Amino acid sequence: MTVRSVPSFDVGLDNARTVEEIVSVARAAERGGFGTIWIAEQHFYRGVFTIAAAAAEATSSVRIGFGVLSPFIRHPASVAMELSSLTERYGDRFALGYGVAHGGSSRLGTIPANQVTGLRDAATATRALLRGDTAYNGARLSSPPPPTPIYLGSMGPQSLRMSAAHYDGALLGVMCSPTFIASRADLIDAALAKAGRSREDYSLGALVLTAVADDPADARDRVRRSVAYYLAEIPDVSPRLVGTDISRDDLLSVRAQILEAKATDGLEAAAAVLTDDLVDLLAVAGTPDDVAGRLSRLGDAGLDRVAAHHALDPDAVLALGAAFADRSPAMANG
């Protein structure tokens, strides 16, 4: 495994927020020295290309990543057209993430029989279009942008091995233990060697549920809803928590309680089910210095980039950026 003790630091948000809220966080991320703001596309919320344009208009240097889009819902040719237009207007500041997006794809019935092959083909076609080559029976972009990095949003071994040959990196999902991250880093290192590529040409990142406050109890409360939301959305997070003390049965029991509380009384009631210990296991919450330290140490597990995700407002982003800068004056440039 390649060890990186000081990963690059990003911010992750989802499109359930208003466009203006995301723009405010993007401004703070740029001021705070973060490399990239990743915008997750939850389906049936706000469109991420409009969000990206608004964020780019309000900033000048922070990179903007789509983390992630489903090529089974948004056709890769359409994605390439949007990237071309955004780059023409705002410069070479964008990164693309592709993933299955099971929630939206399942509802729409668009998941292919072979997901790994579909994700491979999406990256291949998109990359061809972005470099000015043809795809899809001779289609070609009229104004191809500069090369855009393409990341795979995935956790599965097969798709991650495929990414070593066809993607520029990967983004792991939330609630991953250091042991799980290390196992995926080892898997990717072996796949890169088999593909004749160097780890220097590949970036492994992860989204980490994060909240910051001067009082650690306040920080836990800020991230508690996010933890409850993802536990409700993900059928079984136990494979991601290898190396921790919590059992699969305990996690499934908590999830059942969350689903019941959410169905009857909403997400706030579901969040109240969570103990502080479970929040601390599934998220990083605390003072800016404590959070910066915990996120920085994830580099030892094999991450090249860490995206503090989901529960940050502009003030928290600025405080976390300052804490990172105190530890490493050269904040990541994405």
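Glu268 is exposed, with a relative accessible area of 51%, a value that falls in this class because exposed means over 50%. In this predicted model, Glu268 meets Arg225 in a salt bridge between their side chains, at 2.9 Å from N to O. A search of the whole structure finds 14 salt bridges. The points below describe several of these salt bridges and then turn to helix α5.

**The Arg225–Glu268 pair**

- Arg225 lies in helix α8 and Glu268 in helix α10 (residues 267-272), so this salt bridge ties together parts that are 43 residues apart in sequence.
- Arg225 counts as partly exposed, at 37% relative accessibility.

**The Arg220–Asp280 pair**

- A salt bridge joins the side chains of Arg220 and Asp280, with 2.9 Å from N to O.
- Distant parts of the chain are linked by this pair: Arg220 belongs to helix α8 (residues 216-233) and Asp280 to helix α11 (residues 276-282), 60 residues apart.
- Arg220 is buried, its relative accessible area being 18%, because the limit for a buried residue is under 20%.
- Asp280, at 23% relative accessibility, counts as partly exposed.

**The Arg248–Asp236 pair**

- Arg248 and Asp236 form a salt bridge in which the closest N and O atoms are 2.7 Å apart.
- Arg248 is in helix α9 (residues 248-265), whereas Asp236 is in the loop between α8 and α9; the two residues are 12 residues apart, and their pairing links distant parts of the chain.
- Both partners are partly exposed: Arg248 has a relative accessible area of 46%, and Asp236 has a relative accessibility of 23%.

**A salt-bridge network**

- Asp189, Arg199 and Asp304 are linked in a network of salt bridges.

**Helix α5**

- Helix α5 covers residues 115-130; at 1.5 Å a residue its 16 residues should span 22 Å, and its end C-alpha atoms are 22 Å apart, so the expected and computed values agree.
- Asn114 caps the N-terminal end of α5, where a side-chain oxygen of Asn114 lies 3.2 Å from the backbone nitrogen of Val116.
- The buried residues of α5 are Gly118, Leu119, Ala122, Ala123, Ala125, Thr126, Ala128, Leu129 and Leu130.
- An α-helix has 3.6 residues a turn, so residues three or four places apart point the same way.
- The packing partners of the buried residues of α5 are α3 (76-90), β4 (94-98), β5 (150-153) and α6 (157-166).
- Gly132, just after α5, takes a positive phi of about 90°.

Terms used:
Residues are numbered from 1 along each chain as its sequence is written. This is a predicted model: local features need pLDDT of at least 70, side-chain atom pairs count only at pLDDT 80 or more; totals for chains, interfaces and linings use all residues. Side-chain values use heavy atoms; hydrogens and water are left out. Helices (H or I, at least four residues) and strands (E, at least two) are DSSP runs, numbered from the N terminus. The expected span of a helix is 1.5 Å times one less than its number of residues. Buried means under 20% relative accessible area, exposed over 50%, partly exposed in between (1.4 Å probe, protein chains only). Contact means heavy atoms within 4.5 Å. A polar contact is a pair of N or O atoms within 3.5 Å; within protein, one must be able to donate a hydrogen and the other to accept it, and residues adjacent in sequence count only if both atoms are side-chain atoms. A salt bridge is a side-chain nitrogen of Lys or Arg within 4 Å of a carboxyl oxygen of Asp or Glu.
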